Amino acid sequence: MPIDLAAGGLPRDAVPSAAELTSLVSAAVGHRAAVGQWSAETVPYQSGSPATGALARLRGVTADGEPWSVFVKVLQHPRHWRLLDQVPDEVREDFLTRFPWRAELGAWEPSFAGRLPAGLRVPALYRVIELPEDRVAVWMEDIAASDEAWTAARFDMAAERLGTLAANRRDPDLIAACPVPPGYGLRRYYDAAVRPALPWLRSHDLWAHPRMAAAGGAGLRADLVELAARAPAILDRLDQLPQALPHGDASPQNLLIPVAEPGTLVAIDVAFQHPLAVGFDLAQLLVGLVHAGLMPAADLPAIHARLPAAYTSGMEKGRQPAALDDVQAGYIGSLAIRAAFTSLPFREPISSVTGDHIDQRIALTRFVAHAGLRLPI
């Protein structure tokens with residue numbers, strides 16, 4: 001083996017044997033093939049997802065010189081998550097019991113893959129290997145994705161296809177089959193991620209940061225305190241809207257555009273496979289690139305204005321459309337809960353918070369807070 005993948009972060013029992021590697025390579029090239037030269041690398045990732053245990057990529061050529069590559073993601077029970085201590089004690093047991101750490105496997109189930117609209121697909125799945133201690137190695141197609149910046153047209157395309165997906169997954173029987181009530185996933189997110197952040201709205205060193213003061217931090221804090229008081233009512237409002245099963249984490253980073261298929265989106269990292277308000281997916285679509293530092297917060301208003309109409313247009317192509325007003329309410333409510341309280345760098349050491357980073361997060365948070373405060377409840 002060219003490098004020790006286990007030493008590099010992949011669990012030792014997830015490293016493929018010679019026979020398993022031959023099977024994976026054959027699946028990747030579409031016919032029986034012998035493995036020639038190859039190399040491997042672990043893929044760095046942020047540990048914000050409790051279910052992500054490791055990422056790696058293997059690539060090489062067959063004995064006949066045909067190039068190949070495969071990608072592996074190890075899913076894990078959240079008890080293995082290195083940030084578990086940040087989950088409040090009062091909700092940790094429920095989190096460990098109920099967190100859907102295998103949800104990404106749902107991407108290949110008929111309820112998801114079988115309802116994808118034209119132009120939206122999932123990676124080819126090569127193999128799923130159950131590992132000890134509640135972990136799963138998922139071997140799949142390695143997408144050669146475009147690194148071009150997202151344009152307005154690309155956001156429109158993504159919103160439209162997410163809308164069609166939601167319309168195709170509003171089937172009453174499909175929703176009724178879910179073991180949890182509407183809004184469950186977002187409420188668990190609120191309990192585990194938002195509630196721990198709420199005390200920081202009143203007392204945290206970040207509020208004394210010079211860039212915060214220069215940007216009107218006192219007003220932002222007052223807006224967030226007001227929005228926090230409205231959050232329970234927002235969650236209730238979302239539960240009363242038309243429901244659909246979403247992608248669940250539809251940031252642009254999870255909607256890959258293959259270089260060879262520029263008109264196609266490839267959905268990865270499927271999450272929140274529970275009934276949620278229509279429009280839910282637009283929240284991460286809007287803020288994902290800003291969170292990653294790949295798009296300025298100044299671009300948010302123009303994109304925000306486009307998304308609901310594009311999503312609703314997509315819903316009209318699906319099986320169970322929803323009205324634009326409901327899509328807008330589901331989008332804004334979900335955006336407020338998911339991004340208003342957790343986008344400021346409260347968890348980072350103040351000494352490491354750079355000027356541009358905090359400026360962008362302040363602008364993002366202010367935009368989301370203002371949108372949330374305008375939502376009728």
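Two strands count as paired if DSSP finds at least two bridges between them. That is the sense of "pair" used for the strands below, and the model itself is a predicted one.

**Around β6**

Let's start with strand β6, residues 135-141. Seven of its seven residues are buried, so the strand is largely enclosed by the rest of the structure. What does β6 pair with? Strand β3 (residues 67-76) runs antiparallel to β6, and seven bridges hold that pairing. Strand β5 (residues 125-131) is antiparallel to β6 too, over six bridges. Val136 is a handy place to look: Leu75 stands opposite Val136, and Glu130 stands opposite Val136 as well.

β5 and β6 also make a hairpin, with three residues between the two strands. In that turn you'll find Glu133, which has a positive phi of about 60°.

**A small open sheet**

Elsewhere there is an open sheet of three strands, in the order β4-β9-β8, and its pairing is mixed. Its edge strands are β4 (120-121) and β8 (255-256), each of which pairs on one side only. β8 runs antiparallel to strand β9 (residues 265-267), and two bridges join them. Across that pairing, Leu256 of β8 stands opposite Val266 in β9.

**Cavities and a pocket**

How many cavities of 30 Å³ or more does the structure hold? There are two. Here they are with the second largest pocket:

| Space | Volume | Lining |
|---|---|---|
| Largest cavity | about 50 Å³ | seven nonpolar, three polar, one charged |
| Second largest cavity | about 40 Å³ | nine nonpolar, one polar, one charged |
| Second largest pocket | about 210 Å³ | eight nonpolar, four polar, two charged |

For the largest cavity, α7 (217-240) and β10 (276-277) each supply at least two lining residues. The largest share, three residues, comes from α7. The lining includes Leu235, Leu238 and Asp239, along with Leu276, Ala277 and Phe280.

The second largest cavity draws at least two lining residues from each of β10 and α8 (280-291). Leu276, Ala277 and Phe280 turn up in this lining, and so do Ala244, Leu245 and Tyr311, among others.

As for the second largest pocket, 14 residues line it. Nearest its centre lie Ser111, Arg169, Cys178, Leu245 and Gln273. Leu245 is thus a name to note, since it also helps line the second largest cavity.

**Rings and charges**

The structure holds six aromatic pairs. One of them joins Phe272 and Phe280 in a tilted arrangement, 5.4 Å centre to centre with 55° between the planes. Are these two rings buried or exposed? The cut-off for buried is under 20% relative accessible area. Phe272 comes in at 15%, so it counts as buried. Phe280, at 2%, is buried too. Phe280 is also the residue that appears in the linings of the largest cavity and the second largest cavity.

Another set of ring pairs links Trp81, Phe95 and Phe99 into a cluster.

Two arginines sit over rings as well. Arg102 lies over the face of Trp101, at 5.4 Å from the ring centre. The charged end of Arg338 is over the ring of Tyr189, 5.5 Å from its centre.

Notes. Residues numbered from 1 in each chain as written. Predicted model: local features only at pLDDT ≥ 70, side-chain atom pairs only at ≥ 80, totals over all residues. Heavy atoms only, no water. Buried < 20%, exposed > 50% of the residue type's maximum accessible area, 1.4 Å probe, protein only. Helix = DSSP H or I, 4+ residues; strand = E, 2+ residues; numbered from the N terminus. 1 Å grid on protein atoms, 1.4 Å probe; cavity = no way out; pocket = protein on both sides within 12 Å on 5 of 7 lines; lining within 4 Å. Points joined across faces, edges and corners; volume = space filled by probe spheres on them. Nonpolar A, V, L, I, M, F, W, Y, C, P; charged D, E, K, R; others polar. Phe/Tyr/Trp six-rings, centres within 6.5 Å; stacked < 30°, edge-to-face > 60°. Lys NZ or Arg CZ within 6 Å of the ring centre and 35° of its normal.
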